[in-house]
Amino acid sequence: MLTIEDMTVGYGDGPAVLSDVSVTVRPGQVLAVTGLSGAGKTTLLGVMGGLLPPRAGTVTVDGQPLRDRDHAVDRRVVVIPQDNGLAPILTAAENVQVALIASGVTPPEARRLTAATLDRLGLAGQADQLVEELSGGQQQRTAVARGLALGGAVLLADEVTSELDAGNRQRVLDLLHEEAGRGAAVVFATHDPEVAAACAAELHLVDGNAVLRRGGDR
C-alpha cells in the first residue's frame with residue numbers, strides 16, 4: 001500500500017509545485033493522475049518513487065517511510081519513466097534482462113521473463129533490435145515490458161501511452177490493470193481523459209492542489 005499524507009514538494013528554493021496532497025493507493029487499485037502539462041504529474045510520481053524528497057509530509061509503502069530511491073527499490077517500487085530510461089546501445093531484450101538480473105533474478109529466469117513479457121507487449125520480433133533502432137512507440141512498450149517484468153508491489157507509470165496507437169494503448173492499459181489484479185498498487189499519470197476514465201479513481205492536479213475523484217465522479 002502506498003500512502004501520501006499532507007505532502008508538499010518543490011524544486012530547490014522555488015515555489016511549491018504541489019501542496020498538502022494526501023492519497024492512498026491500496027493493492028489491487030489503479031489510480032490515474034491527471035492534469036495539464038506542468039501540473040505536477042511527473043513530480044508526484046517522483047516523490048512516490050523516492051526520486052524526490054518532499055518538503056513536508058510523508059510517503060510510506062506498507063507503513064514504512066521512503067528514504068530515497070534505493071529504499072524504494074528495496075520496497076519493490078517500480079518506476080516506468082516518461083522518457084523510457086532505456087540504454088540505446090542495448091537491445092530491447094538486454095534492457096529488460098539487465099534490470100531483472102540487477103534485482104536478483106538468475107540469468108536463465110531473466111531470459112525467460114524477458115521473452116514472455118516482450119511477447120505480451122507485441123515485441124517478440126524486436127527483442128534483438130537495438131533500442132536506438134526502435135520507433136518511439138516500440139521504445140515506450142519496451143520500457144513498459146521492463147517495468148512489468150520486475151513485478152513490483154507498487155508500479156508507477158508516467159505517460160506510458162503517449163506515443164502509442166489505439167491498439168497498443170489498450171494493450172498497455174489492460175496489462176496495467178492485470179498488474180493490479182495480481183495485487184500491485186498501480187499509479188498511472190496521463191493527460192488522456194479516456195485513459196483516466198478506465199481507472200477506478202483519478203487524482204486531478206490543478207494549481208498546486210490535488211482533487212480525488214472516484215469512478216463515477218468525473
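This passage describes how helix 5 packs against other helices in a predicted model, and then turns to the largest pocket.

A good place to begin is helix 5, which spans residues 136–150. One of its partners is helix 6, made of residues 166–181. The axes of these two helices lie 12 Å apart, and the angle between them is about 10°. Angles under 35 degrees count as roughly parallel, and helix 5 and helix 6 are therefore roughly parallel to each other. On the helix 5 side, the contact is formed by R141, V144 and L148. Helix 6 answers with N168, V172, L175, L176 and E179. Sorted by class, this contact of helix 5 with helix 6 holds five nonpolar residues, one polar residue and two charged ones.

Helix 3 (92–102) is another partner of helix 5. Here the axes come within 9 Å and cross at roughly 30°, which makes helix 3 roughly parallel to helix 5. The crossing of helix 3 past helix 5 is right-handed. From helix 3, the residues A92, N95, V96, A99 and L100 take part, and they meet T142, R146, A149 and L150 of helix 5. Six nonpolar, two polar and one charged residues make up the contact of helix 3 with helix 5.

What angle do helix 4 and helix 5 make where they cross? Helix 4 covers residues 107–120, and its axis comes within 9 Å of the axis of helix 5, with a crossing at roughly 130°. That angle makes helix 4 oblique to helix 5. The crossing of helix 4 and helix 5 is right-handed. In this contact, L113, T117 and L118 of helix 4 meet A145, L148 and A149 of helix 5. By class, the contact of helix 4 with helix 5 includes five nonpolar residues and one polar residue, with no charged residues. Readers following along in the structure may recognise L148, which also belongs to the contact of helix 5 with helix 6, and A149, which also takes part in the contact with helix 3.

Attention can now move from packed helices to empty space. Rolling a probe the size of a water molecule over the atoms shows where such space remains. The largest pocket contains about 370 Å³ of space. It is lined by 16 residues, and those closest to its centre are R69, V73, V78, S103 and L150. Which elements give two or more residues to this lining? They are helix 2 (69–74), strand 6 (77–80), helix 3 and helix 5. Helix 5 supplies the largest share, with four residues. In terms of class, the lining of the largest pocket has nine nonpolar, four polar and three charged residues. L150 links the two parts of this description: it sits among the residues closest to the centre of the pocket and is one of the helix 5 residues that meet helix 3.

Terms used:
Residues numbered from 1 in each chain as written. Predicted model: local features only at pLDDT ≥ 70, side-chain atom pairs only at ≥ 80, totals over all residues. Heavy atoms only, no water. Axes fitted to C-alpha atoms, helices over the stretch in contact; angles between N-to-C directions. Parallel < 35°, antiparallel > 145°, perpendicular 65-115°, else oblique. Contact = heavy atoms within 4.5 Å. Nonpolar A, V, L, I, M, F, W, Y, C, P; charged D, E, K, R; others polar. 1 Å grid on protein atoms, 1.4 Å probe; cavity = no way out; pocket = protein on both sides within 12 Å on 5 of 7 lines; lining within 4 Å. Points joined across faces, edges and corners; volume = space filled by probe spheres on them. Left-handed = near helix turned anticlockwise from the far one by under 90°.
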